[in-house]
Amino acid sequence: MKRSNKSAKGRGEVAPKVIRYAVVGLGNISQAAVLPGFLNATTNSKLTALVSDDPKKLEQLSKLYDVDPADCYDYAEYQKCLESGRIDAVYIALPNSLHLPYTVQAAKAGIHVLCEKPLAVDERECQAMIRACERNHVKLMGAYRLHFERSNLEAIRIVQSGEIGEPRFFTSTFSQQVKAGVRTQKKMGGGSLYDLGVYCINAARYLFQADPLKAIAFSVKGHDSRFREVDEMTAATLEFPGQRLATFISSFGAENSAVYEVIGTKGKLRAISSYEYSVPARLEITVGKKTKVQPYVKRDQFGPELLYFSDCILNNRTPEPSGLEGMIDVHIIRSLYKAAQTGRVVTLKKFPRHHRPNLRQNIQRRVIKPLGKVNTESTKK
């Protein structure tokens, strides 16, 4: 049974006021942030179904979040979930290598897709996801939570306002001590660039309001057995239009750091913890000898994602962090890995890009703690 879903409704159906979701994958990110996020998105979003291969997770989380046990499915029953008539959208929180098949399957069933980033492991998979959603008239959005978060949106406004002069270069570090697991397995699409570097790449793109032209990188695996299959650390440089540069390091084997800085001709902006969702963020703007500090309280970034995506479905709008946005980042990631492997500068493809995040997308919601966790733990050491 295939549902027609050109906007929020099928043929002959009355458009709903609330979008019903299935969360696919109940690992740490889902339990720590996605499921609680629904409690901040009740105006237009409802958690209706859960998909996991862990019966204990399904049983206990369905009770905690008031999901009917009949709407709990294992992965083998995913198609049944899609065809149940009980959901309008899926939130895919699976390993990167599974984003393609689960997105295409949902699209063919007429179900909208909100997918964790990176969108997929390569450009071919991204394009297949985009085509599947277009052909079946469903929305596809990458889960770029920072596109709705005030500190990052304020940083964009400040950089573009001219307050620090012409922005000349961007630097960033994003590092964590990561446990061996899905994030360190090549077959699952693991690696520091896919997992952490994507934040640095996307930040440079939205702060410069442009896409890079060329890329060079160096990757190392270190001496730790955790990183036999993937890069433990990658250092990258991207050349942007206007003779601007962005450099960053992503690492799975270093102390926590989540900082970016934009240096302009008159001043600089420094963002601290702005990639994170579990700690407060801070902006420091320095012009001349004066530094202004703007703190931001700990905030929910997942409820706003849901509110925004549901609004796009209900009003038949194209999401701003579209499939194309995700594909551009994946193209840059793949090009950086190629540059690291060959030791050569890689020229990047040009993609049409007309929309960037701005303060109009700011959605603020208070943090809601998880109602409980089942058979999961942080992937950080």
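# Quizzing a predicted model

Me: How exposed is Gln 209, as a relative accessible area?
Reply: In this predicted model, Gln 209 counts as partly exposed. That class lies between the cut-offs of 20% for buried and 50% for exposed. The value for Gln 209 falls in that range, at 31%.

Me: And which sign does the phi of Gln 209 have?
Reply: Gln 209 sits in the loop between helix H7 and strand S8 (214-220). Most residues other than glycine have a negative phi. Gln 209 isn't a glycine, yet its phi is about 55°, so the sign is positive.

Me: What is the phi of His 137, then?
Reply: His 137 is in the loop between H5 and strand S6 (140-142). This residue is partly exposed, with a relative accessible area of 42%. His 137 is another residue other than glycine with a positive phi, near 55°.

Me: How far can I trust the chain, going by its average pLDDT?
Reply: Residues 1-6 are the stretch to watch, with a pLDDT below 50. Where pLDDT is low, the predicted coordinates should not be read in detail. Over the protein chain, though, 96% of the residues score at least 70, and the average is 94.

Me: Which helix gives the largest share of the largest nonpolar core?
Reply: That core has 50 residues, with Phe 170, Leu 207 and Tyr 260 among those with the most contacts inside it. Leaving aside neighbours within four places in sequence, Leu 207 is in contact with residues including Ala 155, Val 159, Phe 170 and Tyr 260. The largest share of the core is twelve residues, and they come from residues 192-208, which is helix H7.

Me: How many residues are in the other core, the one with Val 51 and Cys 81?
Reply: In soluble globular proteins, nonpolar side chains tend to be buried together. Here a second core lies apart from the largest one. Its members include Val 51, Tyr 73, Cys 81 and Val 104, and its residue count is 33.

Me: Is H4 roughly parallel or roughly antiparallel to H5?
Reply: The axes of helix H4 (residues 99-108) and helix H5 (residues 123-135) come within 9 Å. They cross at roughly 10°. Angles under 35 degrees count as roughly parallel, so H4 and H5 are roughly parallel.

Me: Which class of residue is the most numerous where H4 meets H5?
Reply: On the H4 side, the residues include Leu 100, Val 104 and Ala 107; on the H5 side, they include Ala 128, Met 129 and Cys 133. By class, the contact has two polar residues and one charged residue. The other seven are nonpolar.

Me: How many residues of helix H1 are buried?
Reply: The buried ones include Asn 28, Gln 31, Val 34 and Leu 35. They pack against elements including strand S2 (45-51), helix H2 (55-64) and helix H8 (302-314). H1 has ten residues, and the number buried is nine.

Me: What distance separates the C-alpha atoms of Thr 376 and Gln 31?
Reply: Thr 376 is in the segment after strand S15 (346-347). Its contacts, leaving aside neighbours within four places in sequence, are Gly 27, Asn 28 and Gln 31. Thr 376 and Gln 31 are 345 residues apart along the chain, while their C-alpha atoms are separated by 8.1 Å.

Me: Is the peptide bond from Lys 117 to Pro 118 cis or trans?
Reply: Pro 118 is in the loop between strand S5 (112-115) and H5. Most peptide bonds are trans. From Lys 117 to Pro 118, omega is near -5°, and the bond is cis.

Technical notes: Residues are numbered from 1 along each chain as its sequence is written. This is a predicted model: local features need pLDDT of at least 70, side-chain atom pairs count only at pLDDT 80 or more; totals for chains, interfaces and linings use all residues. Side-chain values use heavy atoms; hydrogens and water are left out. pLDDT is the predictor's confidence in each residue, from 0 to 100. Contact means heavy atoms within 4.5 Å. A nonpolar core is a set of buried Ala, Val, Leu, Ile, Met, Phe, Trp, Tyr and Cys residues joined through side-chain atoms within 4.5 Å. Buried means under 20% relative accessible area, exposed over 50%, partly exposed in between (1.4 Å probe, protein chains only). Helices (H or I, at least four residues) and strands (E, at least two) are DSSP runs, numbered from the N terminus. Axes are lines fitted to C-alpha atoms, for helices over the stretch in contact, and angles run from 0 to 180 degrees between N-to-C directions. Angles under 35 degrees count as roughly parallel, over 145 as roughly antiparallel, 65 to 115 as roughly perpendicular and the rest as oblique. Ala, Val, Leu, Ile, Met, Phe, Trp, Tyr, Cys and Pro count as nonpolar, Asp, Glu, Lys and Arg as charged, and the others, Gly among them, as polar.
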